[in-house]
Amino acid sequence: AILSVPVEGVVLQMRAMGIDRVMRFPFISPPDPISLATAQKTLTILGALAPSRGAGSAEDRSNSGQWGHGGAMGDGDDVGVLTATGRAMAALPISPRHSRMLLAAAESPVRGCLAAAVATAAALSVDSPFLRGESGERDTAAAEMTAEEKQRRRKLAHRFHHPHSDALSSARALVAYDGVRDPRLAEIFCAEHRLHGRTMREMSDLRRQLLRILADPPPCVAAGAAASTAFLS
């Protein structure tokens, strides 16, 4: 299982639990050492890890006893100090790259930026909901459709298409799907727009979960969003 999970997410969660010596952890199926080193570098770039005892804010250093001993990154296989931003990222149930995007969006002065980022993060976290091919039109019901009805269905299937991004196409579909309150109408919506119903439900559940967390964030998420401003400047 560990081989199919993004390693940076595993390292971040382990560091959030206070596990310092990630490189020496007795994994049942250990990831490649190069992958672990790459994950460490990625988390440092994202601002989740500080490279030494002296790096990061005073709060990060004062919490080193709770979040790990704070040794220099790479010393004795220690991946480094978990920052306030890193703790916030670990609290969100998505990959570190996507959680970092949400923390940046939370500090954006642009109206609607966070809502759009949440929808995009949810869309990126599951498989594409779009059904491929035209096989659905070969059944009896489709055969009885008029040419006009078939053309209407094709237009609906491409309604959410974004010319430059599959993720934004999925995010558009998600926002529209969440606007349909009746479960029966949601099924019809998915059928008409050629969307996978279970994938859309999973995506919608994740979006609502993220919105709940960010609407009333725990202290670590609030602190992480504040810390991300200095990181981006």
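1. Let's start with a word you'll meet a lot here: a residue is "buried" when its relative accessible area is under 20%, "exposed" when that figure is over 50%, and "partly exposed" in between. With that in hand, 41% of the 233 residues in the protein chain count as buried. Keep in mind that you're looking at a predicted model.

2. Now for the overall build. The protein chain has 13 helices and two strands. Take the contacts with a separation of 6 or more: 70% of them are between residues 24 or more positions apart. As for the outside, the accessible surface comes to about 12,800 Å², and carbon and sulfur atoms own 56% of that.

3. Next, the aromatic rings. How many aromatic pairs does a search of the whole structure find? The search turns up three. One of them joins Phe25 and Phe27 in an edge-to-face arrangement, with 5.1 Å centre to centre and 65 degrees between the planes. Are both partners hidden away to a like degree? Let's check each in turn. Phe25 has 35% relative accessibility, so it counts as partly exposed. Phe27 has 16%, so it falls in the buried class.

4. Another pair is Phe160 with Phe189. Their ring centres are 6.0 Å apart and the planes sit at 40 degrees, so this pair is called tilted. Why does the pair tie together parts that are 29 residues apart in sequence? Because Phe160 lies in the loop between α9 (147-157) and α10 (166-178), while Phe189 belongs to helix α11 (residues 183-192). Phe160 is buried at 4% relative accessibility, and Phe189 is buried too, at 9%.

5. These two rings also have company: ring pairs link Phe160, Tyr177 and Phe189 into a cluster. Hold on to Tyr177, as that name comes back in the next point.

6. Last stop, the second largest pocket. It holds about 280 Å³ of space. Its lining is made of 15 residues, and those nearest the centre are Tyr177, Val180, Ala186, Ser204 and Arg208. So Tyr177 is both in the ring cluster and among the residues nearest the pocket's centre.

7. Which elements give two or more residues to the lining of the second largest pocket? They are α10, α11 and α12 (197-215). Of these, α12 gives the most, with six residues. Sorted by class, the lining has eight charged, five nonpolar and two polar residues.

Terms used: Residues numbered from 1 in each chain as written. Predicted model: local features only at pLDDT ≥ 70, side-chain atom pairs only at ≥ 80, totals over all residues. Heavy atoms only, no water. Phe/Tyr/Trp six-rings, centres within 6.5 Å; stacked < 30°, edge-to-face > 60°. Buried < 20%, exposed > 50% of the residue type's maximum accessible area, 1.4 Å probe, protein only. Helix = DSSP H or I, 4+ residues; strand = E, 2+ residues; numbered from the N terminus. 1 Å grid on protein atoms, 1.4 Å probe; cavity = no way out; pocket = protein on both sides within 12 Å on 5 of 7 lines; lining within 4 Å. Points joined across faces, edges and corners; volume = space filled by probe spheres on them. Nonpolar A, V, L, I, M, F, W, Y, C, P; charged D, E, K, R; others polar. Contact = heavy atoms within 4.5 Å. Areas by Shrake-Rupley, 256 points an atom, 1.4 Å probe, with all protein chains shown as cover.
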